[in-house]
Structures are given as C-alpha cells and as structure tokens.
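Here are my comments on the model you sent round, set out as numbered points. Please read them with the coordinates open.

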Amino acid sequence: MRQSSFQSSEELDRQQLAKLQAMLTAVNPANRFYVKKLEQAGFTGEVRTVNEFCRRMPFTSKRELVADQQSHPPYGSNLTYPLDRYKRLSQTSATSGSPLRWLDTEDSWNWMLACWRRIFRMSGVRPADSVFFAFSFAPFLGFWTAFEAAVSLGCLSIPGGGLSSAARLAMILENGVTVLCCTPTYALRLAEVAGEENIDLAKGQVRKIIVAGEPGGSIPSVRARLENSWPGAQVLDHHGMTESGPVTYQCPESSDCLHILESDYIAEVVDPQSGEPAQEGQTGELVLTNLGRWGSPILRYRTGDLVRVLPRQVCRCGSQELALQGGILGRTDDTLFVRGVNLYPSAVEEILRGFEGISEYCVEVDTQRVLPELRIQIEVSAACANPSALAEMLQKRLAKAFTLRIPVLLVPAGTLPRFEMKARRWVRRS
C-alpha cells in the first residue's frame, strides 16, 4: 500500500458535510428548481448529517430536468444566480432522450477544472506532458473541461478538432504527444487507420491513453486490445457527465477500479427498481450530488449508470474514496432482458474484443417478437485467415457465456460505421 496524502474517511465525511451545508445555503431560497424539493424534504434549516440528507432528500431525474427546461426555456429554473453570472454553456449528447443545456458560473467551471486536474495527476499526467484531444470540440462538457484543465496544469495541450484520423495521427507523432484523450472506440479506430496508412505507432511517444464516454476503458479485453495497438501506452478509464461534471479517476494500483472524487461528490448506489440502498456487492444505479457546482447543482441525481461498489476500505493506492469494481458496467436503459438472461453491452463487448480478428461489430436487437432476439454482425480484419471459423467460435463463446444462441453474421469490410464520439453499436429493430 502506498503511503500517501489521501484523506481519511472521517476527513472526507467532514468535508462533504461542510461543502453540502455551504451549497444548500446558496441554493435555498435562490434556486427555484430545488427550493420545492428541499421544502418537500423538510430542509428548512441546516442539514445535520450527510446520511440525513440522503435519507430525506428526494431523487432528481433527467426527466425532471428535461421537463423543467421545456417549461422554462431555454435553460430551466435550476439556476442559483442571475443569468449574467453564467459564462459557459454545455449540452448533453442526447443519446437517451432530449438534450439538456447546462450553464456554469466561473466558480463552478473552476471547480470542475480542479476535479480534472486531480484526475490527470492520479493518471500520472505531469506538466511536462503533451496532451492530444482527439475529438471535435462540440458543446459537450468533458472536452472543454479536460482541455482547459490540462492547460492549467501546465501541459502542452493540442486540440484535434476538424481533422481526419490520418491527420490526427500525424499530429500525434510529429508533436511527440505523450497523452491521448478520446473514447476507447476512437482510440481503436486510430490504431486501425494507422494500420491502413502503414503508420508505426511504436515510433510514437504516447504513454497514457485516457478514455471516457463509454465503459470500454474498464473492460479487460478492450483495454488489452488498446494497449497492444498502442505499444508502450497505459490505458486509464474515467467517467463524468454534463449534468454532474468529472466524477472518477482510475485507481493507480488497479485497472479494474474507478475511485469517485468523494471530496467533491456525495455518491450513493441504489437498487434501480426500488430506489433503496443497494446491498454490498450488488449491481446498482449510481446517484450523485455534486458539491462545488453551486450555479447549477444536482442533488441526488439518478445517473442511470450501473456500478458495483467494492467494500469500503483503504485501497492499495491509499485512497479511501468509494471504489467501483469494473468501472461503469452499463446503463439502466441499455440493459436487455433476453429469454431470462440480463445482458449488459459491456459484457458482450468483453467477449467480442477478445477475438483479435474482429475489427468492428454491430448488435441488432429485434423487438418485434414477443421475446427480444439478438444477432451480431462482424467485420474481420484482412489478417484473419478463416473468417467463417472465427464467426463460429464467437457464436459458441457467446452461447457458453450467456446460455443463449446469438447468431453471428459476417459482413464485408467497410460495411459497419466507425465512431469518433460515443459508439452506437446496439441497434434496435422494432
């Protein structure tokens, strides 16, 4: 175990309570959205404990926030200050419903940059590093906060918007980039393009690949594929949301664990159906309260992210912050119940990425039948000597893992879409 400056659980508890009390003082009575919810919970004075807050405060759902913005366009009523205090606008990607617009004050923005700086430091990023951001800079929060945090940390920060994959690879090599930030899907795509263009990634200097936006960074087979494709690089997972800000960092001692920044978030895990606290070792839904984003806070927000919490203890890295085994396992709205079996997309991807010959895939979900059925389309690499045998082996491996017959179909190279942002490989046919 590392000797470190990590806070003890008692110190974290005290810090959380102090920050929660200060935030609620600012929010109530200024924030119209939360005044009603706080009154409903009976919080007319100071909150005495974090447990009391979690026990009495009602959840916040994305549906509520969307409805609020529709009723009070364009930004809703979850604003603690007058509009002229807000300096930044972000927007969700709308992968599960209507997009949300999110405003931030300068103080809230700086709080998120501080969270990202800690994530970078825990990932081993130092001021001497050069960091390449391989995505187009749309209004999604994570791109901008990560980029500005890297600048404030002292890193040479290189935006990769508006470029082809080949042009981005050239910039990575020509500028001696040491840290790459992107989705796991796009890191794989860059490696695929490098092969097509005869670019030797071993000649580059990338030593860290920080991935987010999808569960891939915590899926062992995906991580192994990435580290094999980018020789000498370590893959590090992270997750956050536009509504919450940056939430987790990968444990420095374990690739199978994400720690929550508990000095800046109150985190709970609940049963997705009942809303009651999940039992230890049970997969549940992550619920977050951010403690430094006073201008547009979230209080007990149901994220839709499925996680499994490790027992509370001192980690090998020295942290006592909440640890999520396997990172983000999936989404409540992505979980599929097929013939008595719960299927998580991450579990399917873990198997698919274990086959070296598969370059891309798509899962088709047929919901026209009484019971949903799946089939998987795969593209194989040119190096695959026997595509039919690979498809047959994959079908057998899926059947063994899930006790389901899932047909696997070969499609010609270039048939399936490639993704720069979040991949959408699960397609519902209804």
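1. The model is a predicted one, and I begin with helix α5. The buried residues of α5 are Ser108, Trp109, Trp111, Met112, Leu113, Cys115, Trp116, Ile119, Phe120 and Met122. The geometry of this helix agrees with expectation, because at 1.5 Å a residue its 17 residues (106-122) should span 24 Å, and the end C-alpha atoms are indeed 24 Å apart. Just after α5, glycine 124 takes a positive phi of about 85 degrees.

2. Two peptide bonds deserve a look during any preparation of the coordinates. The bond that joins asparagine 28 and proline 29 is cis, with omega about 20 degrees, and proline 29 is found in the loop between α1 (9-27) and α2 (32-41). A cis bond also leads from proline 73 to proline 74, here with omega near 0 degrees; proline 74 belongs to the loop between α4 (62-71) and β1 (86-91).

3. Two residues that are not glycine have a positive phi, and their surroundings can be set side by side. Asparagine 198, with a phi of about 55 degrees, lies in the loop between α8 (184-196) and β6 (208-211), and it counts as exposed because its relative accessibility is 73%, where the cut-off is over 50%. Arginine 300, with a phi of about 50 degrees, lies in the loop between β13 and β14, yet this arginine is buried, since its relative accessible area is 6% and the cut-off is under 20%.

4. The strands on either side of arginine 300 pair with each other: β13 (residues 283-290) and β14 (residues 301-308) run antiparallel and are joined by five bridges. Within this pairing, leucine 288 stands opposite tyrosine 301 of β14. Strand β14 is also joined to β16 (residues 330-331), again in the antiparallel sense, by two bridges, and there aspartate 305 stands opposite arginine 331. Six of the eight residues of β14 are buried, so that the strand is mostly covered.

5. Which strands does β11 pair with? Strand β10 (residues 248-250) is one of its partners, running antiparallel to β11 with three bridges between them, and the two form a hairpin with six residues between them. Strand β15 (residues 323-325) also pairs with β11 in the antiparallel sense, over three bridges. Leucine 258 of β11 takes part in both pairings, since it stands opposite glutamine 250 and has leucine 324 as its bridge partner in β15.

6. In a regular strand the side chains alternate between the two faces of the sheet. In β11, Cys257 and His259 point one way while Leu258 and Ile260 point the other way, and all are buried.

7. Histidine 259, which has its place in β11 (residues 257-260), counts as buried because its relative accessibility is 0%. A polar atom of the histidine 259 side chain lies 3.1 Å from the backbone oxygen of glutamate 321. Leaving aside neighbours within four places in sequence, histidine 259 is in contact with Val247, Thr248, Tyr249, Cys251, Cys315, Cys317, Ser319, Glu321, Leu322 and Ala323.

8. The second largest pocket has a volume of about 790 Å³. Its lining consists of 29 residues, of which Ala267, Glu268, Val269, Arg312 and Leu322 lie nearest the centre; Leu322 is also one of the residues in contact with histidine 259. At least two lining residues come from each of α1, α3 (50-56) and β12 (265-270), and β12 gives the most, with five residues.

9. Why can helix α10 (residues 345-352) be called largely enclosed by the rest of the structure? The reason is that six of its eight residues are buried, namely Pro345, Ser346, Val348, Glu349, Ile351 and Leu352. These buried residues pack against both helices and strands: α9 (220-229) and α11 (387-402), together with β18 (341-343), β19 (358-366), β20 (373-380) and β22 (426-429).

Terms used: Residues are numbered from 1 along each chain as its sequence is written. This is a predicted model: local features need pLDDT of at least 70, side-chain atom pairs count only at pLDDT 80 or more; totals for chains, interfaces and linings use all residues. Side-chain values use heavy atoms; hydrogens and water are left out. Buried means under 20% relative accessible area, exposed over 50%, partly exposed in between (1.4 Å probe, protein chains only). Helices (H or I, at least four residues) and strands (E, at least two) are DSSP runs, numbered from the N terminus. Two strands pair if DSSP finds at least two bridges between them. The expected span of a helix is 1.5 Å times one less than its number of residues. A polar contact is a pair of N or O atoms within 3.5 Å; within protein, one must be able to donate a hydrogen and the other to accept it, and residues adjacent in sequence count only if both atoms are side-chain atoms. Contact means heavy atoms within 4.5 Å. On a 1 Å grid over the protein atoms alone, a cavity is a set of points where a 1.4 Å probe fits but cannot get out, and a pocket is an open set with protein on both sides within 12 Å along at least five of seven lines; lining residues have an atom within 4 Å of a point. Grid points are joined across faces, edges and corners, and a volume is the space filled by probe spheres set on the points.
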